[in-house]
Amino acid sequence: MISKGIGRQIVLHYFIVVFVTLLMVEIIFLFAIRTYYYDSIYNHIANHAAMVTDNFQNSDKSEVQEDTAFYSNIISAFSLANTELQVLDRHGNILMTNSSFQPHKPVQTSDLSQALTSNIGKWIGREPDTGEMVMSVSSPIQLLGENKFVIRYITSLEPINSKLLNITLLAALAGVVILAVVLLFSMGLANSIVKPINNIRAVSAQMARGRFDVRVKGEYKYELGELASTLNYMAQEIVRGNQIKDDFISSISHELRTPLTGIKGWSETLTSGGFDPEETKIGMQIIAKETDRLIGLVEEMLDFSKLQQNEMKLVIDSVNLKEILQETMLNVWAKAEQKRIQIKLDDHTESTVLVPGDGNRLKQVFLNLVDNAIKFSTEDSWIHLDIQIQDGWAVVEVIDSGIGISDEHLRRVKDRFFQVNHQGGGTGLGLAISQQLVELHNGDMEMRSELGVGTTVSVRLPLLDELNKNEA
């Protein structure tokens with residue numbers, strides 16, 4: 001049985017549509033059958049009546065004697081089987097009939113007036129005296145150019161109606177059988193839809209309670225298959241997101257603990273006193289360095305939060321990309337020197353490269369990219385900053401000869417909280433923030449890498465002159 005819900009609605013809608021369609025088809029069919037039978041009878045009688053009329057028009061009317069013998073000759077000569085023939089005057093009075101039943105009232109049906117005005121008349125209805133359903137066809141007889149008489153054929157429609165009733169009952173029985181088959185079919189169809197939906201609903205209910213290890217099982221087709229795949233993918237992504245979140249919490253806890261440990265240790269040591277000025281200076285430098293590190297971590301998380309909530313405000317101005325890259329190189333020079341990494345700016349342009357943007361945020365992007373290149377490069381390697389102009393875009397590439405990134409990690413490296421190497425430190429937000437900052441500047445960022453060879457990060461930004469042309 002189909003329970004309340006979408007299954008019952010499917011069955012009900014199918015049943016109503018088929019029922020209404022079947023009802024209309026049967027009504028049209030029965031009407032066509034009735035019309036065919038009735039028209040066949042009418043045409044047969046009307047043709048015979050027209051022959052009678054033509055016969056009198058072609059006869060010698062001067063020899064016609066209007067008496068009982070004349071009426072009897074009409075009855076005997078022009079009768080039809082299973083049909084009553086009446087001879088009427090213009091007022092509907094019956095002059096002669098071949099029926100044993102003699103009506104006492106004049107004929108007042110519409111076929112009489114039609115015959116007197118338009119040659120052939122037809123009427124279908126119930127005989128007043130017997131209540132029998134009949135068809136009457138009337139045709140005039142002209143004498144000396146005047147419609148003197150009317151011959152009227154009357155035939156019973158009861159046998160035809162009986163056949164039509166049998167056909168109707170048979171059609172109704174066929175309709176009931178068809179509806180029963182449709183009902184069974186629609187119930188099967190509804191179950192084929194409802195069962196997967198119930199399965200998907202049960203799995204989604206478990207996911208809503210926090211069980212993301214469950215999956216929708218079964219091979220479903222079309223939209224249900226897509227829904228099941230989407231739900232399974234969502235659960236997989238939630239599990240992956242939770243794992244990334246846990247890794248982030250673990251990583252950020254470590255990142256926060258390390259500088260805090262140094263700050264706390266040196267602050268307690270300095271508080272105890274008894275150190276010479278040189279040791280005190282070293283301790284204060286370490287405290288300042290670790291404090292800056294903490295500030296950087298907090299600022300990175302704040303930036304990411306602003307970007308996620310669309311609250312990042314940019315101060316747009318004309319930015320010289322070459323100056324930004326040179327400042328970036330100066331900021332990371334000391335860190336690169338520690339690993340004996342050579343940093344070089346390859347300038348393929350012949351003029352100043354100006355882009356519309358927030359200079360501080362663009363510098364943040366390139367600092368992060370170069371810092372990552374240094375972090376994942378080996379000693380005695382190199383990093384090139386390449387700048388060029390291509391089709392109205394300023395293109396900056398940060399190219400390193402470091403350890404590279406595998407294809408599996410390359411697809412996820414720009415995801416938030418994702419870290420290729422958890423031992424390398426950081427929050428896993430740097431590339432995600434850089435990506436969003438570049439997009440806020442109407443640009444794009446792409447990464448190419450080969451494991452063991454190196455990585456290239458390409459940043460494209462619209463030129464200031466090109467942007468002004470488009471706006472104009």
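**View 1. K122 and its partner across two strands.** In strand β4, V137 is the bridge partner of K122. Strands here are DSSP runs of E with at least two residues, helices are runs of H or I with at least four, and both are numbered from the N terminus. Strand β3 (residues 121–126) pairs with β4 in the antiparallel sense over 6 bridges; two strands count as paired if DSSP finds at least two bridges between them. Together β3 and β4 form a hairpin with 6 residues between them, and G131 in the turn has a positive phi of about 75°. This is a predicted model, in which local features need pLDDT of at least 70, side-chain atom pairs count only at pLDDT 80 or more, and totals for chains, interfaces and linings use all residues. Residues are numbered from 1 along each chain as its sequence is written, and side-chain values use heavy atoms, leaving out hydrogens and water.

**View 2. Strand β4 and its other neighbour.** Now follow β4 to strand β5 (residues 146–156): the two run antiparallel and are joined by 10 bridges. One of the pairs to look for is L143 with its bridge partner in β5, E146. How many of the 11 residues of β4 are buried? The count is 10, so this strand (residues 133–143) is largely enclosed by the rest of the structure. Buried means under 20% relative accessible area, exposed means over 50%, and partly exposed lies in between (1.4 Å probe, protein chains only).

**View 3. An open sheet with two helices packed on it.** Here 5 strands line up in the order β7-β9-β10-β12-β11, with mixed pairing. The edge strands, β7 (342–347) and β11 (444–450), each pair on one side only. On average, neighbouring strands of this sheet are turned by 15° against each other, direction ignored. Helix α7 (residues 321–338) packs on the sheet and touches β7, β9, β10 and β12 (454–462), where contact means heavy atoms within 4.5 Å. The direction of α7 makes about 170° with that of β7. Helix α10 (residues 430–440) also packs on the sheet, touching β11 and β12, and its direction makes about 140° with that of β11. For these angles, axes are lines fitted to C-alpha atoms, for helices over the stretch in contact, and values run from 0 to 180 degrees between N-to-C directions.

**View 4. A closer look at F19.** Find F19 in helix α1 (residues 6–57). Is F19 buried or partly exposed? F19 is partly exposed, because its relative accessible area is 39%.
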